[in-house]
Amino acid sequence: MDTPPTQPAARTTAPATVHRTGPARIALIGVHGFGAHHLKNLDRLTRAGAVELVAVADPNPSSPGALPDSTAVHPDLQSLLAGNHSPDVVVVATPIQTHAPLALATLASGADLYLEKPPVASLADFRQLQEAAAASGRSVQIGFQSLGSQALAAIDKLLRDGTIGTLQGIGATGRWVRDRAYYKRSRWAGKRSLDGVDVVDGVATNPLAHAIATALRIAGARTVDDVASVETDLYRANDIESDDTSVIRIRTAAGLPVTCALTLCAAESVEPYITLQGSEGTAVFHYTEDRLQVSNADGEHSQEFGRDDLMENLLEHLATGTELTSALNDSGAFMLVLEAVRTAEPPAPIGAGHVLWEGDGDAAHAVVAGIEDALERAIRAHATFSELALPWARPAGPSEASPLLHAGGRPLAVQRTGAGLNAGLSPRPYLHPVTTLGGTVVTDHLPADHPWHLGAGFALQDVNGTNFWGGRTYLGDAGAYVSRQDHGRIEPLSANADEPDTRQLRWLGADGQPLLTEQRTLSHEILGERVWRLDLGPELTAVVDVSLGSPGSNGAAGSGYGGFFWRLPACSGARIFTSDAEGEPAVHGSVAPWLAWTASFGEVPGIRSGQPATLVFSAPAEDADPWFVRCSGYPAVGSALAWDRPVTLAAGESLRRSLSVWVCDGELSPAAVASLVASA
């Protein structure tokens with residue numbers, strides 16, 4: 001989205017000093033909901049002699065004894081302002097759609113303003129509020145309480161000191177539980193608009209708005225000028241208008257990706273957290289607990305911090321000019337996110353087949369199957385739910401994915417370009433999902449453990465020092481995986497209608513220069529009601545003299561992956577065998593004409609049981625490459641092109657590998673697998 005022009009600046013520092021001889025006079029608009037929290041805080045400050053609650057306004061009176069006897073009670077702001085209470089600060093803690101008119105009226109009255117989050121319900125209202133604040137000369141504090149955490153200063157310092165290396169991305173994760181009663185608490189709950197007025201009460205803009213605001217603050221994105229783009233991917237499992245499960249992907253003006261994956265449909269509530277992804281480690285900030293965990297080469301440590309109260313900060317600002325912690329203009333970046341949510345297409349409903357309901361009546365709450373894993377995948381890969389190809393998500397557009405192989409009108413494999421992937425994943429074409437004839441999915445992509453594992457495809461970690469695999473690069477000199485800006489990309493060229501099974505690709509180095517061209521053939525054959533075969537034939541041609549390597553060829557024993565690679569989804573009861581060996585330790589690194597993997601795939605507890613399937617991989621006809629196999633850590637099979645030594649090609653020289661994969665419903669025995677391969 002285009003970045004809006006800079007708006008007139010409201011006063012955030014060095015106000016005219018307030019010479020006050022007594023406590024600050026406070027008026028509170030809204031005494032229920034979050035207003036009740038303000039009442040408790042104002043009571044604390046009253047007992048400390050810092051404030052006096054002179055008046056409140058709410059159409060629903062507070063319970064007896066909740067207010068000081070001296071506090072005047074009004075039904076609305078208009079009557080409060082007419083009551084000659086002369087408040088120094090008005091606190092607005094009312095429904096979202098009322099923020100704009102109440103905030104504007106407060107500023108017009110000459111009082112300073114504490115406005116609960118989100119500031120207002122549209123970018124247009126935000127601009128109007130900025131203009132009003134600038135014209136009035138009053139100060140506005142926005143109620144993003146998490147920004148008062150003293151951990152933020154510690155985070156700034158660890159980033160300056162390089163404690164986790166170079167900051168490469170930020171992820172915000174929130175997973176809470178909200179039941180049906182939550183959406184029945186008021187007319188505006190879960191609404192995008194009410195009576196023609198914007199509300200925008202979604203997971204990202206209200207209950208978990210602090211996750212986004214805190215991530216933006218850490219990223220250095222405060223104003224509208226600090227954000228380059230905002231993308232939304234919005235869903236709902238509840239019968240509401242707004243989103244309850246969403247990904248918001250932001251790119252700052254400095255190019256840093258900030259991905260926020262949020263839900264109110266988790267199995268259980270977990271305190272939200274912000275993950276700082278560094279080149280040499282990570283930092284995780286649990287902002288509701290003011291707790292910071294840092295992991296790097298020196299180990300792991302955790303520290304808890306205090307929190308500065310935003311009302312106290314506002315009063316100090318008015319008295320001495322101390323900088324506001326959560327100034328109005330510093331909410332500009334967040335307001336761009338809210339505007340993107342407000343103007344997005346309505347959230348897509350998540351199908352009933354992917355939602356469990358726990359509890360009864362109004363206490364029942366929706367649980368999106370596998371949502372915890374989906375959130376973690378999203379922030380690690382900086383991907384939307386749609387890009388993750390979740391079964392309940394919107395399908396990717398035709399420019400990103402297209403059915404490639406069919407059986408009776410149903411796709412057996414989807415070709416993805418990978419063009420929209422984060423650069424650190426080494427974007428490249430791949431197949432996902434690949435399914436059996438019975439519909440069981442047997443590939444995975446963008447998994448949380450290794451986001452650069454992309455379905456079924458062909459890639460190498462080292463081509464003349466360029467990483468076409470994704471993730472960290474193994475360096476022999478360092479004897480370790482090192483985070484480097486060395487990722488290449490494999491781009492598809494225009495398809496040839498006369499050769500539908502052949503695709504032309506080019507491998508571009510980190511500097512954008514071509515190192516290889518590739519002609520990749522993909523075809524398939526249906527072999528019965530339960531078996532089909534995928535045939536893959538990549539042929540690489542060197543544009544310049546190249547060395548094709550792997551971690552194994554660079555000194556990491558047993559890690560010679562690179563070439564053909566198939567990432568399997570989570571499975572149970574896996575059995576891995578070749579013609580003469582069985583089990584991961586025996587099969588890994590071996591040379592055999594075929595390798596089989598049988599397991600149960602696709603189990604979703606409470607929704608569906610797993611289905612048995614078998615994958616049979618044939619060794620390339622051109623060379624006896626060793627098998628790369630992982631099962632205990634993650635499920636994957638590869639045919640290792642450069643197991644323990646690099647393969648060199650002179651400019652113009654070509655290399656080809658021809659492989660086949662039988663995709664079968666059911667579990668096949670070793671004898672049945674041998675018969676299947678022999679029949680080819």
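User: What is the mean pLDDT of the protein?
Analyst: Happy to start there! This is a predicted model, where local features need pLDDT of at least 70 and side-chain atom pairs count only at pLDDT 80 or more, while totals for chains, interfaces and linings use all residues. Residues are numbered from 1 along each chain as its sequence is written, and side-chain values use heavy atoms, with hydrogens and water left out. With pLDDT being the predictor's confidence in each residue, from 0 to 100, 97% of the residues reach 70 or more, and the mean is 94.

User: Over which residues is the pLDDT below 50?
Analyst: Beyond near neighbours in sequence, this stretch has 47 contacts in the model (contact means heavy atoms within 4.5 Å). The stretch is residues 1-14.

User: Which strands stand at the edges of the open sheet?
Analyst: Strands are DSSP runs (E, at least two residues), numbered from the N terminus, and two of them pair if DSSP finds at least two bridges between them. Nine strands form the sheet, in the order β16-β15-β14-β13-β7-β12-β11-β10-β17, with mixed pairing. Two have a single partner strand each, so one side of each is left without a neighbour in the sheet: β16 (299-304) and β17 (348-349).

User: Is Y474 buried or exposed?
Analyst: Buried means under 20% relative accessible area, exposed over 50%, and partly exposed in between (1.4 Å probe, protein chains only). Y481, at 33%, counts as partly exposed. Y474 has a relative accessible area of 11%, so Y474 is buried.

Definitions and conventions: Helix = DSSP H or I, 4+ residues; strand = E, 2+ residues; numbered from the N terminus.
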